[in-house]
Structures are given as C-alpha cells and as structure tokens.
Amino acid sequence: MIMHTVLNALSNALDGVSPYGVILLMFVFTALLEFFIGSGTAKAFLIVPLMAILCDLTGLTRQSIVITFCFADGFTNMLYPTSGLMILAIGMVGVSYRKWLKWTAPLFLIEAVISVFFMLLSVAIGYK
C-alpha cells in the first residue's frame, strides 16, 4: 500500500498544475534521480510505474512520459560524474571533469532547450 500512498501524495501535490508543468517536473525529477541511480534500467524499473499512473491522473499520455524519461536519462548520461562510462572516457583522454563540463556546457544547454521543446510539443499534440 506504499505505492498508493505515494501516488496519492503526488497527485494531491500536482492538483491544479498544468500538464506542461507536470511533464517538466517529471523531467527534473528523473534528471535528479540519475545522479544517484546511474543505471537507466534500474531507474526505469523504479519510477516508470509511478510515472505511468501519475500521467493517467494528470491527463498526460504515457508516450509523453516515456519521451520525458528518455530525454532526462540521455541528457544526464554524459553530464554527471556518477556516470562510469563518461568518467572513463574523459580519463582516457586526460581531460578533467571541470574542463569537460566547461567545454560541453553550451551543448548541454542547447540539448536541454531542444528536449523541453519536444516534451512540451508532445503534450500539446497529445502524442500517442
């Protein structure tokens, strides 16, 4: 019954928030969770069932939630230092994490804007 309690609390907290706001909050939540859970499969196993039911409660389509999850997961795979593959790759070429972040920050900003655009578009057209 824990899942029901969590969903009820989330549903009540998001009551009155537009679907556009909900999808952006889900993007931020997934991106933050990526810092602690590096595996996309493990993260999907943990939060997609909650997000799927929550999208039904908030009027979003499940496909929009999948897009949001994929964008957040892909966005953070090469951003966070908890990504083993990214740290291994920059370590092999002798680049510090700080230098990597400084050099790629404009690219991550562009990617974030494009991701948000397509997530909001998926809500606007009712993507199925």
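For the charge count used here, Lys and Arg are taken as positive and Asp and Glu as negative, with His and the chain ends left out. On that basis, the chain of this predicted model carries 6 positive and 5 negative charges, and the mean positions of the two sets sit 12 Å apart.

As for the overall build, the chain has 6 helices and 0 strands, so the pattern along the sequence reads simply α-α-α-α-α-α. Along the principal axes, the C-alpha atoms take up a box of roughly 50 × 35 × 25 Å. Of the 128 residues, 31% are buried. Sequence-distant contacts feature heavily: among contacts between residues at least 6 apart in sequence, 69% join residues at least 24 apart. The accessible surface adds up to about 7900 Å², and carbon and sulfur atoms account for 74% of that.

The charged side chains come next. The model has 3 salt bridges. One of them pairs E34 with K43, with N and O at 2.1 Å, and both of these residues are buried. K43 also makes a salt bridge to D73, this time at 2.8 Å from N to O. K43 belongs to helix 3 (residues 40-58) and D73 to helix 4 (residues 62-77), so this pair ties together parts of the chain that are 30 residues apart in sequence. How buried or exposed are K43 and D73? K43 has a relative accessible area of 0%, which makes it buried. D73 comes in at 14%, and it counts as buried because the cut-off for that class is under 20%.

The remaining pair is D56 and R62, whose closest N and O atoms are 2.5 Å apart. Here the setting is partly exposed: D56 has a relative accessible area of 46%, and R62 has 44%. Through shared partners, salt bridges also join E34, K43 and D73 into one network.

G40 offers another view of helix 3, where it is found. What does G40 touch, once residues up to four places away in sequence are set aside? The answer is F69 and D73, the latter being the salt-bridge partner of K43 already described. G40 itself is partly exposed, at 22% relative accessible area. Its C-alpha atom lies 22 Å from that of L107, a residue 67 places away along the chain.

L107 leads on to the nonpolar side of the surface. Together with W103, I110, I114, F117, F118, L121, I125 and Y127, L107 forms a nonpolar surface patch. The accessible area of these residues together is about 950 Å². One of the patch members, I125, is found in helix 6, which covers residues 97-125. Is I125 buried or exposed? Its relative accessibility is 58%, so I125 counts as exposed, the cut-off for that class being over 50%.

Put side by side, the two themes look like this: a salt-bridge network made of E34, K43 and D73, and a nonpolar patch on the surface that includes W103, L107 and I125. Within the network, K43 is the residue bonded to E34 in one salt bridge and to D73 in another.

Definitions and conventions:
Residues numbered from 1 in each chain as written. Predicted model: local features only at pLDDT ≥ 70, side-chain atom pairs only at ≥ 80, totals over all residues. Heavy atoms only, no water. Patch = residues over 30% accessible without salt bridge, like charges linked within 9 Å, V, L, I, M, F, W, Y side chains within 5 Å. Areas by Shrake-Rupley, 256 points an atom, 1.4 Å probe, with all protein chains shown as cover. Salt bridge = Lys/Arg side-chain N within 4 Å of Asp/Glu carboxyl O. Helix = DSSP H or I, 4+ residues; strand = E, 2+ residues; numbered from the N terminus. Buried < 20%, exposed > 50% of the residue type's maximum accessible area, 1.4 Å probe, protein only. Contact = heavy atoms within 4.5 Å. Charge placed at Lys NZ, Arg CZ, Asp CG, Glu CD.
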